[in-house]
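Trainee: I would like a close look at a single part. Please walk me through a helix and what surrounds it.

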Amino acid sequence: AVVDVAIQDYVADVASELIYQNKSPISTEVLFVFPLGPQMSIYSFHVCSEDAKVEAILQDEIPQLHEATGGWENLEYLQDQSRYPGEVFACFLGTLSPGKELVVTLRYVQELSREPDGAAHFVLPHTLHPYTKLYGRACALSSTMSLFADWNCLSSQLPYSLLLTASLQSSRGVANVQANCSLTPLIYTAQDRSTAQVSLAGSPPRQRGLELLVYFGDPSAVSAVVEKGDPKAPPGSLLGDPMVLVTLAPSIPEAVPEQPQSGEFIFLLDTTFLEHAQCLPRPAYCVFSQDSLLFFLESLPLGCYFNIYCYEAASVGIYPQSVEYTQDNLTKAMQCIPSRESSLGDNNLLGALRSAYSTPRPRGHACQLFIFMTGLPPDKEAITAEVCHHRNNHRCFSFCFSEDSAALATALAWETGDEATYISSNNSMTNVVLQCLKQALKPAAEVVSLSWTLPRGLEVDILGGTPQFIFQGQHRLLYAQLHGQAQDTTVAKGIMTLRCSLDSQDVSHMIEFPLCSQGDGRMAGHRLAARFLLQRLLPEASNGSGDKPRNRAVEISLTSGIICPFTSYVGVRTSQRSHIPCQIVELRGSSKASSCYPLTIWVPPGWLTAVRESWHALRRLTCDIAVLPPWKTCSKASSGSLKYVDPTAFVLCSPIFVPWSTEAIAECQKLVALQSEDGSWALSSGLASVLEVDEAEIKRKIPGEVTEPSIWATVLAVTRLHTPDKCYQDYCGLLEAKAVTWLCSQAGVSQLDKCLEAANNLLGSSMKPDIFRL
């Protein structure tokens with residue numbers, strides 16, 4: 001494989017050439033499969049061999065196209081039988097004779113993720129770096145591999161070579177490149193170090209994927225760079241005009257622990273979900289009950305706002321609008337949660353979303369949604385469109401407990417730049433949601449606005465608008481198109497100004513950028529902008545609101561090369577002018593399936609056809625009974641990344657590997673139920689019962705320096721969370737932090753040290769005083 005990667009800040013354009021040889025003594029059927037990762041789109045694909053040339057051409061999809069194209073059944077079989085879920089690009093390339101070779105040329109663009117230290121993270125897909133060969137059950141038929149198997153993840157070395165070159169560019173300057181393999185020294189191709197090149201040195205890693213981390217001059221900064229348009233495209237079109245790639249990553253300081261935190265937290269719960277969660281047959285897998293919900297609500301910080309929607313027929317919140325986080329409001333909210341017996345069992349997520357979005361927002365509080373789904377709600381397209389419409393005003397954490405709702409959960413999270421999580425067990429659920437809460441509690445830059453100073457005659461249009469909030473650790477990539485012609489050609493620079501509020505302080509970032517077009521002409525920004533626009537046009541184009549949205553989507557798709565549900569890739573065998581299947585396929589595999597999967601598939605001669613025909617025959621004999629996979633047209637719905645939570649991942653929670661138990665969870669929940677919303681505990685018989693200490697003994701051991709019993713009670717509770725034979729600490733991290741913050745605001749260091757010494761003696765613990773050193 002020969003791979004050329006061009007990285008501009010957090011955008012990558014990858015051009016690859018793959019050479020495959022059939023070294024077996026028999027002919028082999030070839031099915032090429034390339035999984036589409038998050039934020040990735042293919043825009044060019046063709047194959048050359050001695051006998052034919054296959055080129056993927058994007059065409060307006062019409063019914064006759066499928067009828068005239070042979071071999072679609074192979075892709076539909078792939079779609080239904082694969083155990084790997086997600087979108088793949090698949091092309092059935094026919095038969096390769098012994099000793100022959102074929103050359104595959106593939107190009108794609110991708111938005112890159114941003115590491116916490118600001119690095120752009122690039123991962124080379126397995127198809128371009130097949131470091132292991134994976135076998136499945138079907139391999140008894142041949143030594144080759146097949147996608148239609150249950151992966152056992154047995155690996156062996158593959159004979160292949162890889163040549164990789166990376167071109168790096170950033171207006172902030174390229175500072176460094178790190179990789180999990182040997183690289184050549186970084187060579188700068190510009191005096192200001194804005195461009196550089198690096199290549200793979202020696203062999204690629206053989207036991208893992210190849211990854212690059214690209215570091216820039218200022219990891220927390222705002223940047224703008226102009227990408228030139230296509231000279232062949234008409235002026236004023238998406239590809240014809242220059243595009244400004246804007247990266248927003250302002251430096252956001254840590255929150256001050258003693259100060260109240262802002263934020264609006266909205267929980268959307270399926271009422272059938274509450275019933276389902278409390279009826280699980282395994283007691284230790286109590287996924288979501290009122291006790292669990294109380295755990296999350298108790299973890300919220302003082303100063304925030306919250307509301308809860310149990311989406312049912314009325315689809316209204318417990319409060320008419322989000323209310324301040326106080327003990328009274330929290331108690332009332334918990335009393336209004338439907339019990340298992342009163343659950344209406346209706347599933348109206350769309351109504352709940354519209355109700356939540358239509359209520360007034362508390363000013364200066366970033367809105368964050370936590371959506372829990374048991375099954376697949378109706379109107380999933382309308383739900384996605386609703387979240388998309390409000391994407392700049394909030395962010396969404398989505399959690400699904402069934403594979404049916406996984407795709408929707410992924411789409412909702414992707415729209416606002418967050419992750420969806422598939423949860424199969426209870427022990428993992430609370431930990432996962434608490435981790436998301438920790439992420440949600442990070443400070444944000446608020447009321448973000450952009451202004452532009454450009455030469456007269458030029459105008460700027462930000463596709464999709466500007467986000468109102470940017471959270472710590474996030475970056476937002478915006479696509480801004482330049483329209484018109486500058487009247488004063490002597491002005492060579494433009495100015496972009498970002499204004500936002502950080503901790504109630506107004507902050508501005510002024511960025512000067514050259515108006516002359518940058519880049520190498522590969523137009524990665526334009527293609528990703530096209531992908532961005534398509535995903536926003538699809539809900540409107542799909543709901544029957546006239547032909548204009550659909551026609552616009554088809555135009556963008558055909559000119560940019562990025563597929564949409566109204567266009568299709570059709571592989572054309574140029575020597576015969578015959579059509580072959582070449583399509584985006586949504587695999588219906590299980591989210592629980594292993595992540596080990598082959599991406600380029602070679603199958604024995606005639607095996608694919610034989611198995612497919614047997615599959616069709618079985619379906620006919622059984623009259624398409626429901627047990628068999630449904631026969632549907634290849635889906636081209638968008639998908640993003642779905643985090644699967646392994647229930648064993650959270651079993652070992654303490655330094656001495658004490659596994660979670662039902663009793664430990666119940667005891668911890670009792671302790672949490674006694675905590676006030678400000679983080680304190682009252683000295684009561686209930687606390688004494690949880691601590692397993694006589695109440696009179698607790699009162700006798702109170703240090704003489706302590707005048708407020710709640711201080712002593714809270715120190716005891718925090719000490720209990722650190723008991724060595726318990727596994728509370730990870731589970732209650734947010735609750736403990738709130739308690740420590742309260743203690744530091746109520747008592748001095750010497751007083752806390754005395755309390756801690758007495759608490760350690762009473763409870764037999766050994767917590768250190770540094771827990772109070774905020």
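Mentor: Here is a walk along one helix, followed by a short look at a strand. Keep in mind that this is a predicted model.

Start with helix α11, residues 548-560. Check its length. The helix has 13 residues, and at 1.5 Å a residue they should span 18 Å. The C-alpha atoms at its ends are 18 Å apart, which agrees.

Now ask which residues of α11 are buried. They are P549, A553, V554, I556, S557 and S560. Look down the axis of α11: the buried residues fall within an arc of 165°, so they line one face of the helix. A general rule helps here. An α-helix has 3.6 residues a turn, so residues three or four places apart point the same way.

What covers the buried residues of α11? The cover includes two strands, β4 (40-49) and β5 (53-60). It also includes α10 (524-542) and β29 (567-573). Just after α11 comes G561, with a positive phi of about 85°.

Next, the strand. In β27, residues 493-502, 7 of the 10 residues are buried, so this strand is largely enclosed by the rest of the structure. Look at its partners. Strand β23 (residues 444-453) runs antiparallel to β27, and 6 bridges join them. One bridge pairs E446 with S501 of β27. Strand β28 (residues 505-514) is also antiparallel to β27, with 10 bridges between the two. There, M496 stands opposite I511 of β28. β27 and β28 form a hairpin, with 2 residues between them. In that turn, D503 has a positive phi of about 55°.

Methods
Residues numbered from 1 in each chain as written. Predicted model: local features only at pLDDT ≥ 70, side-chain atom pairs only at ≥ 80, totals over all residues. Heavy atoms only, no water. Buried < 20%, exposed > 50% of the residue type's maximum accessible area, 1.4 Å probe, protein only. Helix = DSSP H or I, 4+ residues; strand = E, 2+ residues; numbered from the N terminus. Pairing = 2+ DSSP bridges. Expected span 1.5 Å × (residues − 1). Arc of directions from axis to C-beta. Contact = heavy atoms within 4.5 Å.
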